[in-house]
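Dear colleague,

I am handing over the structure below, followed by my notes on what was found in it. Please read the notes alongside the coordinates.

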Amino acid sequence: MTNWDRFLDSFFNARVAAEYLPKIIEGFWLTILLAACIILAGVAAGLALAVLRSLGIRVLNWAIIFVVDLFRALPPLVIIALLYFGLPAAGLSLSGFAAAWLALSLVLMAFTEEIFWAGITAVPKGQWEAARSTGLGFLDTFTLVVLPQAVRMVIPPLTNRTIAITKGTALASVVAVQEILGAAQAGVSFSFNPTPLTLGAVAYLVLFLPVVILGRWVETRFAWKR
Amino acid sequence: MSAAIVEARGVHKHFGGLHVLKGVDLAVRERELVFVIGPSGSGKSTLLRCLNRLEEPSDGSITVDGIDMLDRRTDINKARQRIGMVFQSFNLYPHMTALGNVALALRRVQGLPRAEAEARARQALERVHLADRAGHYPGQLSGGQQQRVAIARAIALEPRVMLFDEPTSALDPELVGGVLQAMRELRESGMTMVVVSHEMGFARAAADRVVFMDGGRIVEEGPPEAIFGNPQQERTRAFIGQIERH
Amino acid sequence: MSFDEFLQAFFSLEILQQAWPILWAGLLNTLLLSVVVVPLGFLGGLILALLGTVHSRWVRWPLIAWVDLFRSLPPLVLLVFVYAGLPFAGLEVTALTAVAIGFFLNTGAYYGEILRAGIESVPRGQVEAARCTGLTAAQAMAHVVLPQAVRNVLPDLISNTLEVVKLTSIASVVALPELLFQARQAQSVTYNATPIMAAAVIYFILLWPVVRLLSRLENRQMAGRR
Ligand SMILES: Nc1ncnc2c1ncn2[C@@H]1O[C@H](COP(=O)(O)OP(=O)(O)OP(=O)(O)O)[C@@H](O)[C@H]1O
Ligand SMILES: [Mg+2]
């Protein structure tokens, strides 16, 4: 057997691939589910915080800024570990899925708030003044005039950040979630063959390559006029 | 002589330690066009913005169309419909068409149904000769057209008085004419107007009264011929001389 | 659960004292790891960005494919693939080598995209002016274009570096004794969440100033992008 054959036999072993493909596909759907839950919760919570912050209540804003800074500074895996391995000490047990979901949602929330806030403050003051001078109230001005402009501005950075954080779903394998990476690693240790890892990598490419390319497109489509 | 529709008395404004308005009295009669001139930083914009309470005066009283603008109980959003404002930088909403810009307050503040709001918005655009640009976004319009849409946005609410803060200063020279034309027509329709501008030709032709401000005070006021032809105060003379030399 | 029990479970001074030497060693390794992988990733990015200035589709398309490939694979997947996969190809790699390879590929792709955007933001006239004074293409790149490029994308570079430092925590998965790994060890020995909490606090103290700085820079950046 030549080296090349041995390489193929290790990484592209048809028998092993056939055996573990179903597990990887299950993991694929689990990854998508986890990612969807994270995006929903994270973006919604982040937007809500940004709106709250625009009310300009000082104490509330300090609290928001602290929470946002906290989840931008902590590595996601540390948050997952704290929730999964730490919380039981407080008598609260989370499943691996719940811990990963909560941790990554909090991280996405923090980045989303930061991005939206930057977008809201980047809308010129004159927009507020023009709207208010026609008699529009704070809420109408915010939702009908300012927010739509902010949203347009934040789409590229938000898309990229969401993609980056969604890839963090792989971290859930550390807390025994059988998403793609978890399933692949289990496959490797049962079969003593790295083919399941190859399958896993392919699964991630199938999932994220289109998303990354979409992110590229969004960046040019919504390019800022300088 | 008709009664004053805008009446500001003893208006002061501080920005932190900066005393920007130092007791300004200004009364504008119905159908009058008052022109406000003065050096940069003299407080012209601040005065205008106090009139519709975009800035909160530190002291004094302001009534517009019989409404006490500084009373806490006044519904400021309702009051502001009666005071149209046009800004130097247009401030059109870039994500809405010309029609959308004009119709927004009609729908949300006056509560008109969509069709009616749009019909009224179209009429307002016609008055500034831009009916054919209703579906354009601000980015697709020239500066002069944008400013006329901004005027339409204000007049659509049928205000009792219009405030203009340097409406032509951000425009290329060849676009100024269209905006001044729209303002002239507005005046002929009997609108009460307060205009801050450097367009002295327009002031001579259209203003009933010119007010010269300096250092947060009204230094001198009178009919255009008097202010431009025979100013009484030294500071006014210096300022007029400076402009005429340009 | 009483408040005292809560303190005992998450903020026990006694446990902290016991675990401190372990955590300290972990912190040093995290810093060391960062000092290795940040320059490595930056170097990878620089190579990609410089290749990106070559105007040939035989360079351009493979380059885009390479960058998108490594932006699509979650870093943890890449790391596990290298660490658990390469031995099957007859290549034994240490945890540190695996981390270095993984980060070179992954963070290199991100640094590469940022630097490419930076280089593109420098007006063509700059190169032309430099070449007119007799500088070679390489000199113009090194002395005229790159300094401006780096300055133009400094917030993005800092932001990415912050993410890289946070990302070093995934080295715990391949048993590299960095801060999170050490904290997990201490936690499993003491049956107490204090070590993980301590690790989180250390990360926060370390990275909070960077987050603050970034939040300022980003607000300004968005304002310039209207
Ligand atoms: N929001 C603010 N905060 C602090 N200072 C302000 C503010 N707005 C205006 N000022 C100051 O108040 C003074 C008067 O400003 P204002 O804009 O009213 O002058 P102006 O007469 O309109 O000048 P210009 O002809 O340049 O428009 C200036 O010194 C200005 O710097
Ligand atoms: Mg002004």
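A:Ala176 sits in the loop between α7 and α8 (180-191) of chain A, where helices (DSSP runs of H or I, at least four residues) and strands (runs of E, at least two) are numbered from the N terminus. Its phi is near 65 degrees, a positive value in a residue other than glycine, and A:Ala176 is exposed, with a relative accessible area of 57%. Here buried means under 20% relative accessible area, exposed over 50%, and partly exposed in between, with a 1.4 Å probe and protein chains only. As background, most residues other than glycine have a negative phi.

Before going further, please note that this is a predicted model, in which local features need pLDDT of at least 70 and side-chain atom pairs count only at pLDDT 80 or more, while totals for chains, interfaces and linings use all residues. Residues are numbered from 1 along each chain as its sequence is written, chains are lettered from A and ligands numbered from 1 in the order in which they are written, and side-chain values use heavy atoms, with hydrogens and water left out.

A second positive phi in a residue other than glycine, near 45 degrees, belongs to B:Glu166, which lies in the loop between β7 and α6 (173-188) of chain B. B:Glu166 counts as buried, at 14% relative accessibility, and it is also one of the residues around ligand 1.

That brings me to the ligand. The residues around ligand 1 (those with a heavy atom within 4 Å of it) are B:Phe15, B:Leu18, B:Val20, B:Pro39, B:Ser40, B:Gly41, B:Ser42, B:Gly43, B:Lys44, B:Ser45, B:Thr46 and B:Glu166. They divide into four nonpolar, six polar and two charged, on a scheme that takes Ala, Val, Leu, Ile, Met, Phe, Trp, Tyr, Cys and Pro as nonpolar, Asp, Glu, Lys and Arg as charged, and the others, Gly among them, as polar. An oxygen atom of ligand 1 is 3.0 Å from a polar backbone atom of B:Gly43, while polar side-chain atoms of B:Lys44 and B:Thr46 lie 2.8 Å and 2.5 Å, respectively, from an oxygen atom of the ligand. Taken alone, ligand 1 exposes 640 Å², of which the protein buries 60%; these areas come from the Shrake-Rupley method with a 1.4 Å probe. The elements that give two or more residues to the shell are β2 (18-29) and α1 (44-51) of chain B, and the largest share, three residues, comes from α1(B).

Chain B also holds two strand arrangements to look at, where two strands pair if DSSP finds at least two bridges between them. Strand β8 (residues 192-196) of chain B has five of its five residues buried, with B:Thr192, B:Val194 and B:Val196 on one side and B:Met193 and B:Val195 on the other. Strand β3 (residues 33-37) of chain B pairs with β8(B) in the parallel sense over four bridges, B:Leu33 having B:Met193 as its bridge partner. Strand β7 (residues 161-165) of chain B is joined to β8(B) by five bridges, also in parallel, and B:Asp165 stands opposite B:Val196.

Elsewhere in chain B, four strands form an open antiparallel sheet in the order β2-β1-β4-β5. β2 and β5 (67-68) stand at its edges, each with a single partner strand, so one side of each is left without a neighbour in the sheet. Two bridges join strand β4 (residues 59-64) of chain B to β5(B), and B:Val64 stands opposite B:Ile67.

As for how the chains meet, the most contacts (heavy atoms within 4.5 Å) among the two pairs of chains that touch are between chains A and C, whereas chains B and C do not touch, their nearest C-alpha atoms being 11 Å apart. In helix α6 (residues 125-133) of chain A, the buried residues are A:Gly126, A:Gln127, A:Glu129, A:Ala130, A:Ala131 and A:Ser133, and they pack against α7 of chain A together with α1, α2 (76-80), β6 (83-86) and α5 (143-155) of chain B. A:Gln149, in helix α7 (residues 138-166) of chain A, is buried at a relative accessible area of 11% and, not counting residues up to four places away in sequence, touches A:Val123, A:Gln127, B:Pro94 and B:His95.

With best wishes

How values were computed:
A polar contact is a pair of N or O atoms within 3.5 Å; within protein, one must be able to donate a hydrogen and the other to accept it, and residues adjacent in sequence count only if both atoms are side-chain atoms.
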